[in-house]
Amino acid sequence: MSVLADPNRREFLKAATLGAAGLVVGFYVPAGRRFAHAAEAPAAPAAPPLPQANAFLRIAPDDTVTVLLAHSEMGQGIWTSLPMLIAEELDFDVSKMKVEHAPAAPPYFHTAFGSQMTGGSTTTWSEFDRYRQVGAIARTLLVQAAAQRLGVDAAACRTENGAVIAGDRRLRYGEIANDAAQLPMPASVALKDPKDWKVIGQPTRRLDTPEKINGAAVFGLDVRLDGLLTAVVARSPVFGGKVKSFDASAALAVPGVRKVVQVPSGVAVVADHFWAAQQGREALKVDWDLGAGAALDTAALLAEYRKLAAADGKVAAAAGDAPGTLAKAGKVVDVEYVLPYLAHAPMEPLNATVRIGADGCDIWTGTQMQTMEQMTAAAITGLKPDQVRIHTTFLGGGFGRRATPSCDWVSEAVHVAKAAGTAVKTVWTREDDVRGGYYRPMVVHRIRAALGSDGLPQAWDHMVVCQSVLAGSPFEAMIPKNGVDPASVEGAADSPYLKAIPNHRVQLQDHRAPVPVLWWRSVGHSHTAFAMECMVDELARAAGIDPVEYRRRLLADRPRLRAALDLAAAKAGWGSPLPAGRARGVAVHESFGSYVAQVAEVSVEGGRIR
């Protein structure tokens, strides 16, 4: 596919279809929506412009409707939800749609982030308007084509289940797809009123379920090519270590091992299959320059965090006088929460298949960042970005691990294939990723709260010590404000609980360590929700108030959160008697526009919690 920076309609269709018959719709989207942590969805612009085309819908003469996803399916369900948006406006049966991952190209750039990527829980809101627009554009063109063929006014036509109907005459979409492709793009389209929706909001069977059940779905590890070799890489046993020298003789003696090559991340053993590569790596002898990472110690690191937690940091949120109120308070609850580094551990270990040829570089992998992988591979191979073809497979889990600005596992695979001089699938074992990948940061929360005579908090002083996940990434220069990485304090600095507390302060100490950190599913909320909910429980206990009722009082002006809380409590039978040795706990939280409440029933059996 050739990429056009600012194509007109005819040039764009010619480049995109590569001669395919039928209707290929380039659709246009306002760039007005932006990533936000606000509880409510961003308001749609009054008159959306129609900028450069972003993605495609294909309707073939045989009535096959194919949707190309600008984002990656990694279990979150967009293989179905995005086609549902098109099906709604197109008046087509979503169960009959085919779906493909789009190639890596500018038309598929994220509307807010300026590159093709999947992350930040943004797919649905960023695509909600534009995927509906493509369905509406296609429907408009099909109606116009049908009206011309039937010799009637377009207003006399209606659409239903993949056909345009005028009186007692009916034309299938496939019959008029070629005619529709010749018509000029409409200047604007009207989207359905939500009251008329028939697809959106309705239970829908996932389109990717059948192929994932019968084994037809292709994940990165499933990629097969003629003559494909497999590699594993010996990496430093500590963060930041480098290869001083290596002896490959024993590795090369392993049956099936073809080559041993050094790459920036370590030493790669390339073999006929994974087992030979793994055995070769175990036989490999590497002398490492461990560097400063060898001195890293968890206990010492925690001591540093605790020292920082006792000092002042950068203010992320504040109102009133929290320190002053606490100094005069009669009843203070002082708590520390320590959360460890956590690996993403997706079900499918990291892998990438790379083939470098005279006409370019092909990469098959499950990635969340197609544009960055493309640019990185181009830099390594000396090719132009449009000569690097990213074939996005299904992702066997991502959770942020497959969205690394360093493009670590893909760049490594490109280096291996380049050094080996042949097509290679580079595979990380589970152990490789857990001990040498990226992590959710270790975090210390120090929270002090003062209770008033009514048992509710009158002051809340909160220190977060956390390693920034944005440090070293392209986002570092754009997102943090006044030294505060919002990804470290989200869910705390903007907590609805704090809005009800007249004196509150949230501070951040951004600690840097050799441990590589990365956004991890729900990012800052993964630790702030835990700290906030545990602290609220501590306060409810200190006040002698039921935990659900305590939360209801603090959330008096947050009806959606209260509704989620009340529903979970009701479904769990909160307040009803429990057998001896059992107890219930409750939590409620909002992040990325989702409102979630949970009740856990816990048993104590033989002194152990279950």
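**Helix packing and two antiparallel sheets in a predicted model**

Helices H2 (residues 78–90) and H3 (residues 123–150) pack against each other at an angle of about 40°, and their axes lie 7 Å apart. The crossing of H2 over H3 is right-handed. On the H2 side, the contact is made by Ile78, Leu82, Leu85, Ile86, Glu89 and Leu90. The contribution of H3 comprises Thr123, Glu127, Phe128, Tyr131, Arg132, Val134, Gly135, Ala136, Ala138, Arg139 and Leu142. By class, the residues of this contact divide into eleven nonpolar, two polar and four charged.

The structure is a predicted model, with an average pLDDT of 91 over the protein and a score of at least 70 for 91% of the residues. Two segments fall under 50 in pLDDT: residues 26–42 and residues 44–54. For residues 26–42, the model has 62 contacts beyond four places in sequence; for residues 44–54, the corresponding number is 31.

An open sheet of three strands is formed in the order S5-S6-S7, with antiparallel pairing. Strands S5 (158–160) and S7 (169–172) stand at the edges and have a single partner strand each, so one side of each is left without a neighbour in the sheet. Averaged over the sheet and with direction ignored, neighbouring strands are turned by 30° against each other. Strand S6 (residues 163–166) runs antiparallel to S5 and is joined to S5 by three bridges. One bridge pairs Glu160 with Ala163 of S6. Helix H4 (residues 173–181) packs on this sheet, where H4 touches S5, S6 and S7. The direction of H4 makes about 70° with that of S7.

A further open sheet contains three strands in the order S24-S25-S26, and its pairing is antiparallel. Its edge strands are S24 (582–591) and S26 (608–609), each of which pairs on one side only. Ten bridges connect S24 with strand S25 (residues 594–605) in the antiparallel sense. Within this pairing, Ala587 has Gln598 of S25 as its bridge partner, and Ser591 is bridged to Ser594 of S25. The hairpin of S24 and S25 has two residues between the strands, and Phe592 adopts a positive phi near 50° in this hairpin. On the other side of S25, two bridges link S25 to S26, again in the antiparallel sense. Here the bridge partner of Glu605 is Arg608 in S26. The hairpin of S25 and S26 likewise has two residues between the strands, with Gly606 at a positive phi near 60°. Helix H17 (residues 559–571) lies across S24 and S25 and runs at about 35° to S25.

Elsewhere in the chain, Thr353 is located in strand S16 (residues 351–357). Thr353 has a relative accessible area of 0% and is therefore buried, as the cut-off for this class is under 20%. Beyond its neighbours within four places in sequence, Thr353 is in contact with Val223, Leu225, Leu228, Asp362, Ile363, Trp364, Val424 and Lys425. Between Thr353 and Thr140, which are 213 residues apart along the chain, the C-alpha separation is 41 Å.

Notes. Residues numbered from 1 in each chain as written. Predicted model: local features only at pLDDT ≥ 70, side-chain atom pairs only at ≥ 80, totals over all residues. Heavy atoms only, no water. Pairing = 2+ DSSP bridges. Helix = DSSP H or I, 4+ residues; strand = E, 2+ residues; numbered from the N terminus. Axes fitted to C-alpha atoms, helices over the stretch in contact; angles between N-to-C directions. Contact = heavy atoms within 4.5 Å. Left-handed = near helix turned anticlockwise from the far one by under 90°. Nonpolar A, V, L, I, M, F, W, Y, C, P; charged D, E, K, R; others polar. pLDDT = per-residue confidence, 0-100. Buried < 20%, exposed > 50% of the residue type's maximum accessible area, 1.4 Å probe, protein only.
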